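Subject: Structure handover

Hello,

Here is the structure we talked about handing over. Please open it alongside this message.

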Amino acid sequence: AMQTGEGNAVVDSDLVQTLSNSGDSNALWLFNGPGPTKIVNNHFNGRGETVMNGAATYVPGLRAENVEFRRNWVEGSAAGGAAGKNLMEWKGGLRYWVQGNIFDDDQTTGQVDSLTITPRSLSEAATDFIDDLLIEYNFFRNVKESVFALSGGDTGETDVLSRVSIRHNYILNATRLPQSYALFVCGNATEDVTTDHNTVNNNGSGGIYINSDGPETETRWIFRNNILEGSVKGAPGGPFTFGSAALAMCPGRVFSKNVLVGNTDTFTGTDLSGNYFPGSISLNADGSLPVGSPYENQATDGTNVGADFTILYGTTSGVGQFGSGTNDFYAYTGQWPSGVADLTPPSAPSGLLATPITSTRIDLSWTASTDNVGVSQYHVERCTGVGCTGHTEIAIVTAPTVTYSNTGLTASTVYEYRVRARD
């Protein structure tokens with residue numbers, strides 16, 4: 001346990017086999033203190049809540065605050081007599097930055113969630129609020145089918161969960177404790193929860209579950225640019241509803257540009273027109289979209305739907321490696337995706353030349369880009385008018401070709417071109 005005062009840190013540590021035969025056990029427990037607190041480059045292995053935040057009443061009115069939790073390897077343990085719980089849990093907290101961690105090998109019994117974010121009443125915790133959590137660029141592997149469980153708290157209490165962002169995470173094999181809830185669970189009057197640009201590869205029958213014990217609704221709920229399988233279901237005080245009927249508990253929601261693989265729920269309006277519902281999806285071995293995927297550059301921000309794997313793998317590179325490398329995460333799993341070491345972008349194409357051939361055809365040529373591994377494609381973009389902006393992609397040229405003929409143009413019209421390289 002660690003009572004977070006000011007300027008505390010846990011770094012480069014290996015805390016394993018934290019077990020109890022009768023109750024909860026934690027490799028790390030944070031509570032009560034203004035911080036800042038740094039938890040960086042550690043290995044945590046435990047049977048209960050591997051990492052616990054909050055739930056202590058020793059200093060009323062204080063939470064674990066201003067916590068940096070980065071580049072840690074957090075895993076469950078099958079040893080010990082008590083039932084397992086989760087990999088990380090919050091019962092109170094303020095301003096957490098959870099980035100570049102590997103959450104691995106969760107329990108196959110016990111509590112149904114891998115990350116539990118549920119404020120507790122003042123009888124249980126120093127304060128019944130959780131605010132300002134950023135959970136980004138993490139890798140989840142072999143975890144429970146319910147990965148993220150967020151709740152505004154207990155019915156009738158003043159508990160509040162607000163301003164939580166879950167973005168650019170990769171979840172691989174979320175299949176433990178199947179049919180528990182769903183991959184993303186949210187309910188009981190949360191506020192400002194955003195789930196954006198996450199990729200899930202093999203999450204069984206998971207999906208989204210809007211779960212409220214009463215008439216509460218989720219305020220300013222945003223779910224966009226994610227790739228996942230499973231249903232969208234809700235339980236507004238009764239039997240399950242599905243599709244847009246379930247999302248009705250999120251009035252004013254943003255639900256857009258998600259790839260809902262195999263989903264057959266009934267959606268209406270923009271819930272239907274603003275998302276994708278393929279029967280299957282093709283992903284690279286590292287989880288990223290393959291070249292030519294219909295979901296490239298289709299996110300609300302113009303990037304690929306799903307996680308940004310270049311940043312994600314760069315952020316998690318070397319996690320679990322301590323000094324000698326004997327605990328190197330990559331060697332331990334033997335399943336780190338191949339081909340993720342190329343984090344150097346190619347040089348920009350140069351010497352772009354546009355030559356009019358006819359009144360409706362312009363031929364382009366440029367000097368090839370260079371790259372430490374190799375250039376795979378050139379993306380040709382165009383806009384109309386002198387000094388125009390908002391270039392639109394019109395072609396993808398496979399390297400090493402460095403030419404393109406743009407036909408079907410309008411006579412007496414000014415066009416501006418640019419070319420981008422991709423490795």
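Below is what was found in it, grouped by feature.

Please keep in mind that this is a predicted model.

**Cavities**

There are 2 cavities of 30 Å³ or more in the structure. My notes cover the second largest, which holds about 40 Å³ of space. Its lining is made by Leu150, Ile166, Phe184, Cys186, Val193, Thr195, Ile208 and Trp221. Two strands each supply at least two of the lining residues: β19 (184-187) and β20 (191-196). By type, the lining residues divide into 7 nonpolar, 1 polar and no charged.

**Aromatic pairs**

The whole structure was searched for ring pairs, and 18 aromatic pairs turned up. Take tyrosine 209 and phenylalanine 240. Their ring centres are 5.6 Å apart and their planes stand at 85°, so this pair is edge-to-face. Tyrosine 209 belongs to strand β22 (residues 207-212), and phenylalanine 240 to the loop between β25 (231-236) and β26 (241-242), so the pair ties together parts that are 31 residues apart in sequence. How do the two partners differ in exposure? Tyrosine 209 has 6% relative accessibility and counts as buried. Phenylalanine 240 has a relative accessible area of 44% and is partly exposed.

Next, tryptophan 221 and phenylalanine 255. Here the ring centres are 6.3 Å apart and the planes are at 15°, so the pair is stacked. This pair, too, links distant parts of the chain. Tryptophan 221 sits in the loop between β22 and β23 (222-224), phenylalanine 255 in strand β27 (residues 254-256), and 34 residues separate them. Both tryptophan 221 and phenylalanine 255 are buried.

Ring pairs also build a cluster. Its members are Phe103, Phe140, Phe148, Phe184, Trp221, Phe223, Phe255, Phe267 and Phe277. Note Phe184 and Trp221 in that list: Phe184 and Trp221 are also among the residues lining the second largest cavity.

**Two open sheets**

One open sheet has 3 strands in the order β29-β30-β33, with antiparallel pairing. Its edge strands are β29 (350-358) and β33 (403-406), each pairing on one side only. On average, neighbouring strands of this sheet are turned by 20° against each other, direction ignored. Strand β30 (residues 361-367) is joined to β33 by 4 bridges, and the two run antiparallel. Aspartate 363 has serine 405 in β33 as its bridge partner.

Another open sheet, also of 3 strands, runs β32-β31-β34 with antiparallel pairing. β32 (392-398) and β34 (415-422) are at its edges with a single partner strand each, so one side of each has no neighbour in the sheet. Here the average turn between neighbouring strands is 25°, direction ignored. Strand β31 (residues 377-384) pairs with β34 in the antiparallel sense over 8 bridges. Glutamine 377 has arginine 422 in β34 as its bridge partner.

The loop between β32 and β33 holds proline 400. Please look at the peptide bond from alanine 399 to proline 400: this bond is cis, with omega near 15°.

**A strand covered on both faces**

Strand β6 (residues 43-46) is covered on both faces. His43 and Asn45 point to one side, Phe44 and Gly46 to the other, and all are buried. β6 runs parallel to strand β9 (residues 73-76), and 4 bridges join them. The bridge partner of histidine 43 in β9 is tryptophan 73.

**Strands β11 and β14**

Which residues other than glycine have a positive phi? Arginine 95 is one of them, with phi near 60°. Arginine 95 is placed in strand β11 (residues 93-99). At 39% relative accessibility, arginine 95 is partly exposed.

Aspartate 132 also has a positive phi, near 60°. Aspartate 132 is in strand β14, and with a relative accessible area of 24% it is partly exposed.

Strand β14 (residues 129-136) also contains phenylalanine 129. Phenylalanine 129 is partly exposed at 29% relative accessibility. The C-alpha atoms of phenylalanine 129 and glycine 93 are 6.8 Å apart, although their positions lie 36 residues apart along the chain.

Best regards

Notes. Residues are numbered from 1 along each chain as its sequence is written. This is a predicted model: local features need pLDDT of at least 70, side-chain atom pairs count only at pLDDT 80 or more; totals for chains, interfaces and linings use all residues. Side-chain values use heavy atoms; hydrogens and water are left out. On a 1 Å grid over the protein atoms alone, a cavity is a set of points where a 1.4 Å probe fits but cannot get out, and a pocket is an open set with protein on both sides within 12 Å along at least five of seven lines; lining residues have an atom within 4 Å of a point. Grid points are joined across faces, edges and corners, and a volume is the space filled by probe spheres set on the points. Ala, Val, Leu, Ile, Met, Phe, Trp, Tyr, Cys and Pro count as nonpolar, Asp, Glu, Lys and Arg as charged, and the others, Gly among them, as polar. Two strands pair if DSSP finds at least two bridges between them. Axes are lines fitted to C-alpha atoms, for helices over the stretch in contact, and angles run from 0 to 180 degrees between N-to-C directions. Rings of Phe, Tyr and Trp (its six-membered ring) pair if their centres lie within 6.5 Å; planes under 30 degrees apart count as stacked, over 60 as edge-to-face and the rest as tilted. Buried means under 20% relative accessible area, exposed over 50%, partly exposed in between (1.4 Å probe, protein chains only).
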